[in-house]
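Please open the model in your viewer and keep the selection panel at hand. The tour below goes from one selection to the next and says what is to be found at each stop.

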Amino acid sequence: IFNNVIVSTASGFPTNQEYFVCSNHDGSKLVTMKNTQLRWGYLQKQKFNTMKVAIPTNFGDQKYAISDSRNTLCVFNKNGLKVVEIPWGYSDINDTMSFGFQSGWITFDSMPHIREVMFHPRSIGDNTLVVLFENDTIMLYDLDTGNKVLMNQHDNGFGFGTVVSDIKSMTFSRDGLTLYLLSITDGGDIYALYPCLPSKITFDEKELKTAAEKAVLLYDSLGDNTKDEVKRNVIRQYKFICDLKKQNVADGKTDFEMESEFRQVQLQGPFTISPYPDALYETTAKEIHRVNIGLNSEVVLLTFCNGTILILFQDEEMSMCWDSKNYIYSNSMVVIENAQHFGQSSFDKDLRIFKSFNETNHAMLACSERGINIIDMSKWGDNLDKAITNADLNSIKTSTFKSLVLQKMIFHTAFPECAVWRVKGKTGIIVSGPKGV
């Protein structure tokens with residue numbers, strides 16, 4: 001961008017590794033990292049600062065997770081992780097000062113290898129990490145205290161069917177209270193942890209009012225034939241939300257510290273997906289990813305090894321679940337679009353989603369044969385959002401649920417990383433490569 005390489009390869013490091021690159025939500029700030037070199041800056045100023053991150057010797061393949069605030073970066077591999085505060089208010093940071101912006105090397109000695117790490121989007125100060133391990137255990141890890149909440153654990157007994165296996169991908173709902181999980185044991189099933197709560201969270205009056213209304217509707221729907229486990233969870237949800245609402249400051253926001261008993265929840269699902277395409281019974285799902293639609297709504301993308309992209313909408317209100325294993329209640333998604341943008345190809349097993357791409361009504365995907373594609377859902381997305389917000393299906397009567405391929409870019413190296421930039425009224429894509437960004 002700007003006809004120059006804004007971040008070049010550090011001397012002494014191999015050039016066959018790609019940079020991590022991510023922009024903030026309005027596309028005005030950029031973060032990049034490769035090996036031990038963290039860089040950050042404002043695109044308008046075209047000035048980028050540098051700080052060295054202390055990575056253990058023989059670290060191996062680096063993976064990255066960045067918080068929704070874009071203030072904190074997690075560098076991890078299969079054995080452990082390090083958390084780095086991005087020094088937005090500072091220029092270049094020398095080696096001595098750099099240790100004040102990064103944690104030590106964090107390991108989980110009693111656990112198997114790490115598969116994936118995410119920041120909890122609702123955690124105050126980016127304090128809570130979600131860690132998925134190779135044995136499918138999910139941990140909520142609080143950085144300030146080291147407290148751990150473990151879910152989906154094997155109990156070394158004969159509890160067949162009580163643990164979801166082969167979890168390969170995770171994504172949070174738009175409100176940050178539901179963690180969706182993709183299991184590929186049977187090809188591609190979606191499960192959920194709800195509520196998935198950080199140690200510290202902020203609620204405002206409007207959100208708690210909406211949550212209370214949902215809880216009342218769920219409570220009123222209970223009948224004589226409702227299963228006891230559903231009644232227990234719905235009643236507990238009603239009491240939980242009402243207690244939060246009582247503690248909330250009128251017309252304001254309140255910070256809450258969540259007790260462990262409310263954070264220890266059970267998986268629910270699998271979700272029904274209707275209508276499920278017959279062709280997908282012969283392939284396997286790869287990734288799950290939430291995309292914001294319009295001002296208030298969301299859809300879930302599910303990608304498959306044969307190049308298919310299912311765009312799903314959750315059409316029923318599920319309940320929270322604390323104490324019931326194998327819990328299923330209103331876990332339903334409908335197929336909005338069966339997208340075939342990438343067609344059928346032996347290379348489509350490489351299909352991936354850029355999860356840090358955060359444009360409303362859009363998703364960015366890539367595969368090694370067809371390059372980068374931006375899937376544009378705005379043609380029907382805003383109408384769907386209005387229909388849901390106003391509870392008026394007339395908004396989508398004339399909508400054609402067919403997305404467009406907005407942008408296409410062929411690359412000839414390993415998968416690049418991508419981000420959005422906005423400068424002086426213009427919008428574009430930043431792409432990383434072996435020589436820089």
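Begin by selecting threonine 128 together with aspartate 142 in strand 11, since these two residues are listed as bridge partners of each other. In this predicted model, the pair belongs to a ladder in which strand 10 (residues 128-133) and strand 11 (residues 138-142) run antiparallel and are joined by five bridges. Widen the selection to the whole open sheet, whose four strands follow the order 9-10-11-12 with antiparallel pairing. At its margins you will find strand 9 (114-119) and strand 12 (148-151), the edge strands, each of which pairs on one side only. If you look along the sheet, neighbouring strands are turned against each other by 20° on average, direction ignored.

Next, select strand 20 and strand 21 (residues 297-304), which pair in the antiparallel sense over eight bridges. Within this pairing, show isoleucine 288 and, opposite to it in strand 21, leucine 302. Both strands are part of an open sheet of five strands, ordered 19-23-22-21-20, in which the pairing is mixed. Here the edge strands are strand 19 (272-274) and strand 20 (285-293), and each of them pairs on one side only. From one strand to the next, the twist of this sheet averages 30°.

Keep that sheet displayed and add helix 5 (residues 378-390), which lies across strand 20, strand 21, strand 22 (309-314) and strand 23 (332-339), and which runs at about 130° to strand 21.

Now turn to side chains and select Ile138, Leu179, Ile190, Leu193, Phe240, Leu302 and Leu312, the residues with the most contacts inside the largest nonpolar core, which has 50 residues. Centre the view on phenylalanine 240: leaving aside neighbours within four places in sequence, phenylalanine 240 is in contact with Leu197, Met258, Phe262, Met320 and Trp322. Apart from the largest core lies another one, of 19 residues, including Val291, Ala339, Leu365 and Ala387.

Finally, select the entire protein chain, whose secondary structure comes to five helices and 29 strands. Colouring by burial would mark 52% of the 437 residues as buried, while a surface display would cover about 20,300 Å² of exposed area, with carbon and sulfur atoms supplying 49% of it. For a contact map, note that among contacts between residues at least 6 apart in sequence, 59% join residues at least 24 apart.

Key: Residues numbered from 1 in each chain as written. Predicted model: local features only at pLDDT ≥ 70, side-chain atom pairs only at ≥ 80, totals over all residues. Heavy atoms only, no water. Buried < 20%, exposed > 50% of the residue type's maximum accessible area, 1.4 Å probe, protein only. Contact = heavy atoms within 4.5 Å. Areas by Shrake-Rupley, 256 points an atom, 1.4 Å probe, with all protein chains shown as cover. Core = buried A, V, L, I, M, F, W, Y, C linked by side-chain atoms within 4.5 Å. Pairing = 2+ DSSP bridges. Axes fitted to C-alpha atoms, helices over the stretch in contact; angles between N-to-C directions.
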